[in-house]
Number of protein chains: 2
Amino acid sequence: MLTLEEIAQLSGVSRSTVSRVVNDDPRVSPAARERVEAVIKEQNYIPNAAARSLASRRTRIIGLLISPSVGVILTDPFFSVLIQGAVRAGNDSDYILTILMETGDSPDTADRIYRRFIRSRHVDGVVILSSVVEDPIVERLKDDRFPFVLIGRHPHHAVNFVDIDNRAAARDAVLHLLEHGYRRIGIVDGPANMIASIDRYAGYVNAMQEAGRMPDPALTVHSDFTRRGGYRAMQSMLDTTSEPPDAMFVASDTMASGVLQALRDFGLRVPDDVAVMGFDGLEETLVSQPILSTVYQPIRDLGAQGVHALIDLLEHPEHAPIQRFLPFRLQLRRSCGCGAPIPTGTTTTTGGVAH
Amino acid sequence: MLTLEEIAQLSGVSRSTVSRVVNDDPRVSPAARERVEAVIKEQNYIPNAAARSLASRRTRIIGLLISPSVGVILTDPFFSVLIQGAVRAGNDSDYILTILMETGDSPDTADRIYRRFIRSRHVDGVVILSSVVEDPIVERLKDDRFPFVLIGRHPHHAVNFVDIDNRAAARDAVLHLLEHGYRRIGIVDGPANMIASIDRYAGYVNAMQEAGRMPDPALTVHSDFTRRGGYRAMQSMLDTTSEPPDAMFVASDTMASGVLQALRDFGLRVPDDVAVMGFDGLEETLVSQPILSTVYQPIRDLGAQGVHALIDLLEHPEHAPIQRFLPFRLQLRRSCGCGAPIPTGTTTTTGGVAH
DNA sequence: CATTCTCTTGGGAGCGCTCCCACGTGCGGG
DNA sequence: CCCGCACGTGGGAGCGCTCCCAAGAGAATG
């Protein structure tokens with residue numbers, strides 16, 4: 001493995017000049033630069049990361065930390081799209097994005113990663129993809145004053161985050177179902193300990209109350225954001241309730257896909273017997289008939305903005321805290337009872353929120 | 001940020017002793033150890049990663065590199081299970097596993113990651129999850145003598161890898177369909193540039209030929225390992241062929257799930273009109289009726305073994321090259337025409353290969 | 001023509017660890 | 001009683017960079 005010093009000797013300049021060339025410092029004569037670059041190329045020299053970070057006190061690497069809860073449902077296109085958005089944003093920057101996954105099987109795994117990777121300064125900052133409300137990592141990062149950005153807002157702490165207004169979005173969706181005339185509206189929500197689930201449930205309740213209706217507990221099920229979970233949730237609701245719902249608000253498209261299949265297996269027609277409204281706006285779930293009405297959220301952007309926010313934080317620590325809400329919109333298609341099947345992409349639009 | 005030296009002063013010992021405590025070196029008196037540990041805890045001291053790697057010449061971090069082709073189909077439970085297996089194996093070791101994703105949108109992103117993360121020694125070694133046959137990274141790693149393990153065999157190079165014998169597995173699966181008496185057997189394969197697809201196709205052809213049948217090109221479709229892709233592949237096959245198949249071998253359960261839906265939407269019964277055999281043995285795809293017959297492969301193990309192999313490589317460079325095939329088995333359920341629906345888990349078993 | 005400035009360049013002093021060698025100290029055996 | 005040998009311990013010498021300051025060569029200024 002070659003060092004800076006050796007490259008310097010080979011090209012007849014000093015260590016400092018080679019360092020300047022490597023770091024694109026303008027204070028190098030064209031002649032010297034050319035010579036050094038030739039040697040670097042010829043020797044296939046690549047600077048040692050550890051030495052660099054030790055001397056410069058940064059690594060130019062940022063982490064995307066995926067919490068256990070998420071790891072399990074990694075299969076949801078939601079996460080894959082989000083991750084892709086984040087990775088792409090990382091690639092377009094000067095930073096390299098690396099993904100850290102916790103499996104959650106051992107309590108000290110998280111601690112290990114935190115110490116050995118985060119606090120030891122292997123990364124300059126982290127984007128957290130957790131959404132489990134009580135995730136202890138948030139406290140820890142705050143206490144240690146380590147730079148981080150949450151994807152999904154935090155209920156208590158004033159931390160940097162990027163999110164959509166899930167409450168408002170869910171409210172809009174349920175209000176739309178109410179406008180259709182549905183009255184027994186049920187909900188398949190995500191896990192009760194995720195902020196997104198909590199907010200979406202609150203939006204559902206808000207809408208129902210505005211319409212003067214009390215949400216029926218028999219029509220509320222928490223599931224796990226998987227297709228299978230959606231299927232089972234719908235199945236159990238139909239099995240246990242004497243009076244089935246006339247519409248369902250489902251907190252993710254992936255679960256909605258399971259819900260649609262459960263309804264079909266139960267012999268119920270969508271939207272005639274039961275209307276369905278999803279959440280996410282994933283292209284992946286458009287396989288099924290009837291085409292799913294849903295709340296579109298800019299998932300890819302969510303990932304990208306999270307990364308951008310972190311980089312901004314790293315390079316301008318003096319900036320104000322970042323608390324960004326991205327816009328959402330309803331995509332009204334067949335499954336909620338709206339007109340003829342509308343081709344993918346063409347959509348009716350309602351409000352959204354942004355700061 | 002505290003340093004070793006400061007901890008040493010605070011606990012009245014030398015830098016060396018603190019280092020020994022941190023690294024679990026037995027050559028420290030109980031008294032000193034106790035004192036130092038107290039100070040470390042009290043000060044919340046965590047050693048600097050860069051300084052450590054610079055001095056010790058290793059990082060104790062390994063990378064899981066996910067190639068662009070894979071990134072797109074990250075939603076396939078196959079990958080999420082594989083990744084979980086790898087992450088878990090990493091957690092159980094002394095290493096930390098970090099995931100690197102290439103998006104493939106820019107040709108030099110891969111180069112950047114390679115230089116800035118791999119060759120710069122940010123990681124001690126990498127596990128490659130690529131399977132695109134001509135992935136240039138393999139050459140590069142080989143040339144640079146950087147430690148790596150492939151998940152999925154390599155057609156040309158003698159490299160370390162972990163895989164199953166896809167050819168034999170596919171052959172077994174198709175032979176089973178032939179035993180049922182099906183004769184017009186079609187295949188929905190994965191992308192033609194992935195080694196797994198190539199091997200599974202070869203197995204399919206082998207089986208057909210052994211039964212004295214020429215595979216019908218009209219019944220061969222390459223798809224992309226997604227549910228949607230499977231749906232479309234089946235749809236287009238049914239649309240274009242005058243004589244539909246009586247059985248389908250599908251190169252992944254996720255695609256098979258799409259195939260089942262396409263058949264249903266086409267008014268064909270499974271297995272009566274068309275039998276279906278999947279590949280992977282994912283629990284996630286068991287939602288659908290009829291329950292899918294499939295080839296089970298130990299996906300989680302594949303990830304774990306990849307990581308173990310790499311660690312072995314790092315700690316015992318003198319060991320022989322690792323080329324490991326894990327066992328597979330047929331899981332015969334309803335969709336291939338086998339008896340009554342068999343409860344999940346209970347399975348008929350056939351051969352497998354292992355070294 | 002002396003003075004100031006700009007442009008390039010070189011090298012010292014770390015960054016915070018690990019690794020190795022040397023130095024006590026106290027013990028048992030010859 | 002002395003020698004050798006463990007056992008703890010301390011400190012020097014790096015690891016391969018970045019950052020800063022100094023210095024020399026010209027160019028520009030009065």
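A:E134 has 10 C-beta neighbours inside 10 Å and therefore counts as exposed, since the cut-off for an exposed residue is 12 or fewer. The model in which this count was made is a predicted one. A:E134 lies in the loop that joins β3 (125-129) to α8 (136-143) of chain A. Its C-alpha atom is 50 Å in space from that of A:E5, and the two residues are 129 residues apart in sequence.

## Chain A as a whole

Chain A has 355 residues, of which 53% are buried. Its secondary structure consists of 13 helices and 12 strands. Taken along the principal axes, the C-alpha atoms fill a box of roughly 85 × 40 × 35 Å. Among the contacts in chain A with a separation of 6 or more, 72% are between residues 24 or more positions apart.

## Strand β8 and its partners

Strand β8 of chain A covers residues 247-250. Which residues of β8(A) point one way, and which the other way? A:A247 and A:F249 point one way, while A:M248 and A:V250 point the other way. All of these residues are buried.

Strand β6 of chain A, residues 185-189, runs parallel to β8(A) and is joined to it by 4 bridges. In this pairing, A:I187 stands opposite A:F249. Strand β9 of chain A, residues 275-277, also runs parallel to β8(A), and 3 bridges join the two. Here the bridge partner of A:F249 is A:M277. Between β8(A) and β9(A) the chain passes through helix α12, residues 253-265, and this β-α-β crossover is right-handed.

## Two helices

The next table sets α7 of chain A beside α9 of chain B.

| Helix | Number of residues | Expected span | Distance between end C-alpha atoms |
|---|---|---|---|
| α7(A) | 13 residues | 18 Å | 18 Å |
| α9(B), residues 166-179 | 14 residues | 20 Å | 20 Å |

The expected spans follow from 1.5 Å a residue, and for α7(A) the end C-alpha atoms agree with the expected 18 Å. For α9(B) the expected 20 Å agrees as well.

In α7(A), the buried residues are A:T109, A:A110, A:I113, A:Y114, A:R116, A:F117, A:I118 and A:R119. What covers these buried residues? From chain A, the cover includes β1 (61-66), β2, β3 and α8. From chain B, the cover includes α6 (77-91) and β2 (96-101). Just after α7(A), A:R121 has a positive phi of about 75°.

In α9(B), 10 of the 14 residues are buried, so this helix is largely enclosed by the rest of the structure. The buried residues are B:N166, B:R167, B:A169, B:A170, B:R171, B:D172, B:A173, B:V174, B:H176 and B:L177. A positive phi, about 100°, is found just after α9(B) at B:G181.

## Where chain A touches chain B

How many residues of chain A are in contact with chain B? There are 41 residues of chain A in contact with 41 residues of chain B. On the side of chain A that touches chain B, the elements that give two or more residues are α4, α6 (77-91), β2 (96-101), α7 (107-119), α11 (227-240) and α12. By class, this side of chain A has 17 nonpolar, 15 polar and 9 charged residues.

## The surfaces near the DNA strands

DNA strand C is surrounded by 26 residues, and the closest are A:S14, A:S16, B:L4, B:S19 and B:A55. In both chain A and chain B, α2 (15-22) and α4 (49-56) each supply at least two residues of the surface near DNA strand C. Which helix gives the most to this surface? It is α4(B), with 5 residues. The surface near DNA strand C divides into 12 nonpolar, 10 polar and 4 charged residues.

Around DNA strand D there are 26 residues, of which A:L4, A:S19, A:A55, B:S14 and B:S16 come nearest. For this strand too, α2 and α4 of chain A and α2 and α4 of chain B each supply at least two residues of the surface. The largest share of the surface near DNA strand D is 5 residues, from α4(A). By class, the residues of the surface near DNA strand D are 12 nonpolar, 10 polar and 4 charged.

Terms used
Residues numbered from 1 in each chain as written. Chains lettered and ligands numbered in written order. Predicted model: local features only at pLDDT ≥ 70, side-chain atom pairs only at ≥ 80, totals over all residues. Buried ≥ 20, exposed ≤ 12 C-beta atoms within 10 Å, placed from the backbone. Pairing = 2+ DSSP bridges. Right-handed = clockwise from strand over helix to strand, strands pointing away. Near = placed C-beta within 6 Å. Nonpolar A, V, L, I, M, F, W, Y, C, P; charged D, E, K, R; others polar. Expected span 1.5 Å × (residues − 1). Contact = placed C-beta atoms within 7 Å.
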